[in-house]
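Colleague: Please take a close look at one part of this model and tell me what surrounds it. I would like the cut-offs stated along the way.

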Amino acid sequence: MSGVEDYHAWRRSAEVATESGDADIWRAKPESSVYDAKLLRQHTEELTRTREAGKALELVPLLREALYRHLGELADPRLYARTPLGTKHLVEAFYEEALACIEYLADPDQTGLSPEFTLAGFRRAAHIFGRSALLLSGGATLGFFHLGVVKALSEQGLLPSVLSGASMGALIACGAGVRTDEELGALFADPRVIRTDALKRLSPKRAASERAVYDPARLEEVVANNCGDYTFEEAHARTGRTVSISVSPTRERQKPRVLCHFTTPKVLMNSAAVASASIPGAFPGATLYQRDSSGERIPYMSTERWIDGSLKGDLPMRRLSRLHNVNHFIVSQVNPHVAPVRGVTGKRGIVPVVSGVILSSVLAQVTHQLELARDFTKSTPLYSTFDVAHSLANQPYSGDIDIHPRLRPTALLRAMSNISHKELLKHILEGERATWPLLARVRDQTCVSRALDAAIRRLSSEQAATRRPSYPRPSR
């Protein structure tokens, strides 16, 4: 399965592997130590009876209770460890019935409830239930792996509408966030339009004066080619995607930011991506730019300079929760100091468990020592160094569903090098291969929020159409 070139070939291989084992027997057997099979079946049957009886007002609280009773249990990764093709048939039947209930409730003609009441109920339900986001980590050119993750999710209709990126992940998030589904499909059909030559060395004299190795103008040129020229507000209106970009400050008293169409609607996304990718020592700090009312490009907070978003907010989950009501995080993690460790500790077995315990203990001790060093050097030039080191050690680097690449020393050695088109395709394929085994889990754990969002969009458009005034046609 690791050598296949596309999803359909991978799925056929997975089906053959499943047939040769006992996965089908396991899936058909409803009992599990993870959830209460009897209660889940009871709720599924009760939802079906109520829906088929047309009792809409009774169905609403019943569906809400069933979803919340089983939400934590059904998100357990052990339910998807036996086969990448899916989980227990009982679990899948529960999700199918939940979606059928949502579809029924979203049709006022069937329920007899008013469209206004229905839309308000769905908006409330979506706010309570929450939504999913795809978070793309930093990792220099290793971050082209994210393209494969985005491609695999997009092709299956599973790409979350909320995207977050830091450093290299910011470049990928912006590139995906400014494109419609059709444009994303065209991009992946011909990735040659993606430029990968952002690293151009400065002359020794200029490098010394700017304290950087690479030319920021080349980075800006490549990002503009790959991400276009849209503000956060314009991109959101164009695609419906919510893109959030992490940037870190260069001043001690300035806080890290998450830029999006809520917080900085007029800021240009390509300037945010450049700032988030400005690794200290590699690039100088960057200025953010916005588009004013006349369409001119002008500085945003002109006295501030911003650097690599991974330093302070590689995965800004807390801020995304507040800004976008996100409570489910799909993480594509390629940071060189994180992904190899997750590749070991993220597996099952006694060795990963022991390794995880040891690494957690070491990390806790290192974090504490860095905190002490940071506090001790608060009034010295060393403070910023220890502050960044402490932030890197103290950040969360995983989510509800984690996707990470295989450890390839050759890729690590070229993390700060321009890559060829052939290498780009290899990164994309690796991202796809890492995502395919998780698609069933992503599909199940995001299906309810996706159905709620789809119902809200449909009801909103229908309501807007009915309110649109009609004008008499002019007589000939």
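Modeller: The account below starts from one helix and works outwards.

This is a predicted model, in which local features need pLDDT of at least 70 and side-chain atom pairs count only at pLDDT 80 or more, while totals for chains, interfaces and linings use all residues. Numbering runs from 1 along each chain as its sequence is written, and side-chain values use heavy atoms, with hydrogens and water left out.

The part I chose is helix 8 (145-155). Helices (H or I, at least four residues) and strands (E, at least two) are DSSP runs, numbered from the N terminus. Ten of the eleven residues of helix 8 are buried, where buried means under 20% relative accessible area, exposed over 50% and partly exposed in between, with a 1.4 Å probe and protein chains only. The buried set runs from Phe145 to Ser154 and includes His146 and Lys151 alongside Leu147, Val149, Val150 and Leu153. Just after the helix, Gly157 has a positive phi of about 70°.

Leu153 shows what packs against this helix. Not counting residues up to four places away in sequence, Leu153 touches Leu134, Leu158, Leu159, Pro160, Thr435, Leu439 and Val442; contact here means heavy atoms within 4.5 Å. Leu153 and Leu147 are also among the residues with the most contacts inside the largest nonpolar core, as are Leu134, Phe144, Ile245 and Trp436. A nonpolar core is a set of buried Ala, Val, Leu, Ile, Met, Phe, Trp, Tyr and Cys residues joined through side-chain atoms within 4.5 Å, and this one has 72 residues. Its largest share, seven residues, comes from helix 9. Apart from it lies another core of 36 residues, including Ala66, Leu119, Val448 and Ala451.

Helix 9 (168-177) and helix 8 also meet in another role: both are among the elements covering the buried residues of helix 10. Those residues are Leu184, Leu187 and Phe188, in a helix spanning 181-189. They sit on the same side of helix 10 because they cover an arc of only 90° around the axis; the arc is that of the directions from the helix axis to the C-beta atoms. The face turned away from that side carries the exposed residues Glu182 and Ala189.

Ser167 lies in the loop between strand 2 (162-166) and helix 9. Its phi is near 60°, a positive value in a residue other than glycine, and at a relative accessible area of 3% Ser167 is buried.

Finally, the second largest pocket has a volume of about 970 Å³. On a 1 Å grid over the protein atoms alone, a pocket is an open set of points where a 1.4 Å probe fits, with protein on both sides within 12 Å along at least five of seven lines, and lining residues have an atom within 4 Å of a point. Grid points are joined across faces, edges and corners, and the volume is the space filled by probe spheres set on the points. Of its 36 lining residues, Arg131, Ser161, Gly240, Asp453 and Arg457 lie nearest the centre. Helix 22 (439-467) is one of the elements that supply at least two lining residues, as are strand 1 (131-136) and helix 16 (317-324). Helix 22 gives the largest share, eleven residues.
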